[in-house]
Each structure stands twice: as C-alpha cells, then as structure tokens.
Amino acid sequence: MRIHIATDHAGLEFSRTLLDHLTNAGHEVVDHGPVEYDALDDYPAFCINAALAVARDQAVGVRALGVVFGGSGNGEQIAANKVEGIRAALVWSMDTAILARQHNDANVISIGARQHTVEEAIRYIDAFIAEPFSGDERHVRRIAQLAEYEQTGDIAGKGVDTASAEA
C-alpha cells in the first residue's frame with residue numbers, strides 16, 4: 001500500500017522513524033515534508049499535499065492512505081480535511097484508530113506527536129492500516145451524506161440549514 005505522510009517540526013524526528021517502519025513493513029512511503037527542522041514552519045501545505053496525494057491515488061484505484069502529525073494533531077487533521085474526498089480522523093487510542101477505518105472509512109489519520117510515544121503512535125498507525133472498512137449500510141449511508149454535503153452544500157432531506165451557509 002502507498003502511505004503518504006506529512007508533519008511539521010514537532011513530528012519531524014518521528015516521521016523519519018515512521019518512514020523506516022512503514023518501508024520495512026512493505027509499504028511504499030511518500031514523505032510530503034518537511035525535510036529539515038524549522039521551528040517556525042507551517043503544517044498546512046505539508047498536510048494538504050499528503051491529503052491531495054491520497055485523494056489522487058484513490059481516484060485512480062491505487063490503494064493509499066495518509067498519516068499526518070504535529071504537536072497535537074488537531075491542526076493537521078483540519079488541514080487534511082480541507083481536501084475534497086478526504087476523511088481525516090484524529091487518533092489517540094487503538095479504538096479510535098480502528099474505528100476510524102471500520103466505521104468512517106477514514107483515509108487519513110492525524111496523531112499528536114507530543115501526545116504519544118513513538119511506539120504508541122506506530123501501533124495506532126499499524127492498526128489503522130490493517131483495519132478494513134466494515135461496509136455496513138449505516139456507515140456507507142453516512143459517508144455518502146458527507147460527500148453529498150462536500151459537493152453540494154446540502155444533504156437532501158436531512159434538514160441542513162443551507163440558509164445560514166448562504167448568509
């Protein structure tokens with residue numbers, strides 16, 4: 001599987017360890033940066049580039065997922081979720097890693113590099129990669145509603161307050 005990774009300065013050392021770990025596990029890893037430490041770097045472009053690459057790969061049938069991380073993982077998740085077709089989940093436990101794939105068919109996860117040990121984060125990432133989407137009808141339906149909103153600004157018949165969005 002192709003795994004796209006991105007971080008900011010807070011996760012740079014971890015990204016090198018993760019790249020080695022995932023490569024040794026047989027994955028093709030694409031690192032979207034940064035390539036050197038800069039305490040003032042900005043994560044949005046790195047994370048958006050990783051998410052764009054996941055979306056492009058999946059659109060042409062390449063099995064791909066993404067992992068983004070920074071100090072807390074919050075901003076990185078927000079950045080990745082700005083890309084159409086990306087469902088990025090903030091992961092902080094084995095349950096959230098597994099459920100992100102199983103229930104939400106998440107294609108990117110975000111982890112706080114300052115919140116977890118490298119060993120914990122690697123366990124979460126391995127679990128995320130290994131877990132399939134359940135395909136349960138309720139989860140498929142909900143993901144389709146998110147995609148519909150992303151594309152149209154509405155979810156037909158679900159009471160989305162489109163008037164507020166237009167104001």
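These legends walk through several close-ups of one predicted model.

**View 1. The sheet, strand by strand.**
Start with the open sheet, whose five strands come in the order β2-β1-β3-β5-β4 and pair in parallel. At the edges you'll find β2 (28–31) and β4 (88–90), each with a single partner strand, so one side of each has no neighbour in the sheet. From one strand to the next, the twist averages 25°. In general, it is backbone hydrogen bonds that pair the strands of a sheet, in a parallel or antiparallel way.

**View 2. How β1 and β3 are matched up with their partners.**
Look along β1 and you can follow its pairing on either hand. Four bridges tie β1 to β2, the two running parallel, and Arg2 has Glu28 of β2 as its bridge partner. With β3, β1 pairs in the parallel sense over five bridges. Here Ile5 has Val67 of β3 as its bridge partner, while Ala6 stands opposite Val68 in β3. Now carry on to β5: β3 and β5 also pair in the parallel sense, over five bridges, and Val68 stands opposite Ser110 in β5.

**View 3. Strands tucked inside.**
How many residues of β3 are buried? Seven of the seven are, so β3 is largely enclosed by the rest of the structure. In a regular strand, side chains take turns pointing to the two faces of the sheet. Both faces of β3 are covered: on one side sit Ala64, Gly66, Val68 and Gly70, on the other Leu65, Val67 and Phe69, all of them buried. As for β1, four of its five residues are buried, so this strand too is largely enclosed by the rest of the structure.

**View 4. The largest nonpolar core.**
This core has 23 residues, and Leu18 and Ile125 have the most contacts inside it. At least two residues apiece come from β1 (2–6), α1 (12–24), β3 (64–70), α4 (94–102), β5 (108–112) and α5 (118–130). Which element gives the most? That's α5, with seven residues. Zoom in on Ile125 and, leaving aside its neighbours within four places in sequence, you'll see contacts with Phe14, Leu18, Leu22, Val67, Ile109 and Ile111. There is also a second, separate core of 12 residues, with Ala50, Ala80, Ala88 and Val108 among them. Back at α5, the helix lies across β1, β3 and β5 and runs at about 170° to β5.

**View 5. Helix α2 and its two sides.**
Helix α2 (residues 43–59) packs on the sheet, where it touches β1, β3 and β5, and its direction makes about 165° with that of β1. A quick check of its length: at 1.5 Å a residue, the 17 residues of α2 should span 24 Å, and the end C-alpha atoms are indeed 24 Å apart. Which residues of α2 are buried? They are Cys47, Ala50, Ala51, Ala53, Val54 and Asp57. These residues cover an arc of only 155° around the axis, which puts them on the same side of α2. They pack against β1, β3, α3 (74–80) and β5. Flip to the other side of α2 and you meet Arg56 and Ala59, both exposed. After the helix comes Gly61, with a positive phi near 90°.

**View 6. The buried side of α4.**
In α4, the buried residues are Thr96, Ala97, Ala100 and Arg101. Around the axis they cover an arc of only 130°, so they sit on the same side of α4. What covers them includes β3, β4, β5 and α5.

**View 7. Loops with something to spot.**
Pro34 lies in the loop between β2 and α2. Follow the peptide bond from Gly33 to Pro34 and you'll find it is cis, with omega near 5°. Asp42 lies in the loop between β2 and α2 as well. Is Asp42 buried or exposed? It is exposed: the relative accessible area of Asp42 is 56%, and the cut-off for exposed is over 50%. From Asp42 to Lys82 it's 40 residues in sequence and 16 Å in space, C-alpha to C-alpha. In the loop between α4 and β5 you'll find Asp105. Asp105 isn't a glycine, yet its phi is positive, at about 45°.

How values were computed: Residues numbered from 1 in each chain as written. Predicted model: local features only at pLDDT ≥ 70, side-chain atom pairs only at ≥ 80, totals over all residues. Heavy atoms only, no water. Core = buried A, V, L, I, M, F, W, Y, C linked by side-chain atoms within 4.5 Å. Buried < 20%, exposed > 50% of the residue type's maximum accessible area, 1.4 Å probe, protein only. Contact = heavy atoms within 4.5 Å. Pairing = 2+ DSSP bridges. Axes fitted to C-alpha atoms, helices over the stretch in contact; angles between N-to-C directions. Expected span 1.5 Å × (residues − 1). Arc of directions from axis to C-beta.
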